[in-house]
Amino acid sequence: GNAPLLGIFERNVQLAVHSLPFYMVMIVYNGGGSVGVLGGWNMYGVLLSFLGGGGGILVALSVKHADSVLKTLATSGSIVVATLLGHYLLGGPLNAVMLVGIAVVILAIFLYSFDPTPAASPPPTKTAGRGGDVEAVPFIEKRVDS
């Protein structure tokens, strides 16, 4: 009926609030695990929690404001960065097929970002003239017959 339409922020808050009781039951049931309730938190844990929240906000903003091609390129670029960081920092795999994929993604991002093709001009509009509908074409020089 008359349910209000919720934006993405309101919907995310609603989902988070509804998940809290389930997590609280699990925490109390398990007694907080081997470290106790809220045990094991330090400055790095708090920092990573805020980074995760910030990443979620960036994803929500990109979903809201970017077009589908840009979203695909952003997702592909993030996979490339995660793959490279995983290889250099954690010793993850990096083979020839992955390098070819990374090169294709970087090339696609470069070509999309630096496309020299001018934007298409809008089609001419119709205006009502003395003889009926006349196409309005801007900047036409008046022809003078001599």
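A: Before we begin, a definition: helices are DSSP runs of H or I with at least four residues, and they are numbered from the N terminus. The model before us is predicted.

Q: How many helices and strands make up the secondary structure of the chain, and in what order do the elements run from the N terminus on?

A: There are 4 helices and 2 strands. Reading from the N terminus, the order is α-α-α-α-β-β.

Q: How is the span of a helix read, and what does H3 reach from its first C-alpha to its last?

A: The expected span is 1.5 Å times one less than the number of residues. Helix H3, residues 68–90, has 23 residues and reaches 32 Å, close to the 33 Å expected. H4, with 18 residues, reaches 26 Å, close to the 26 Å expected.

Q: Which residues of H3 are buried, and against which helix do they pack?

A: A residue is called buried when its relative accessible area is under 20%. In H3, these residues are Leu73, Gly77, Val80 and Gly86. They pack against helix H4, residues 96–113. Across the chain of 146 residues, buried residues make up 5%.

Q: What follows H3, and what is found at the start of H4?

A: H3 is followed by Gly91, whose phi is positive, near 75°. At the start of H4, a side-chain oxygen of Asn95 comes to within 3.3 Å of the backbone nitrogen of Val97.

Q: How is empty space found, and which residues line the largest pocket?

A: A probe the size of a water molecule, rolled over the atoms, shows where empty space is left. In this model, the largest pocket holds about 190 Å³ of space. The residues lining this pocket are Ile8, Phe9, Asn12, Gly56, Ile57, Ala60, Leu61 and Lys64.

Q: Which helix gives the most to that lining, and how do the lining residues divide into nonpolar, polar and charged?

A: Helix H1 (8–30) and helix H2 (43–65) each supply at least two lining residues. H2 gives the most, with 5 residues. The lining divides into 5 nonpolar, 2 polar and 1 charged.

How values were computed: Residues numbered from 1 in each chain as written. Predicted model: local features only at pLDDT ≥ 70, side-chain atom pairs only at ≥ 80, totals over all residues. Heavy atoms only, no water. Buried < 20%, exposed > 50% of the residue type's maximum accessible area, 1.4 Å probe, protein only. Contact = heavy atoms within 4.5 Å. 1 Å grid on protein atoms, 1.4 Å probe; cavity = no way out; pocket = protein on both sides within 12 Å on 5 of 7 lines; lining within 4 Å. Points joined across faces, edges and corners; volume = space filled by probe spheres on them. Nonpolar A, V, L, I, M, F, W, Y, C, P; charged D, E, K, R; others polar. Polar contact = N/O pair within 3.5 Å; in protein donor to acceptor, adjacent residues only side chain to side chain.
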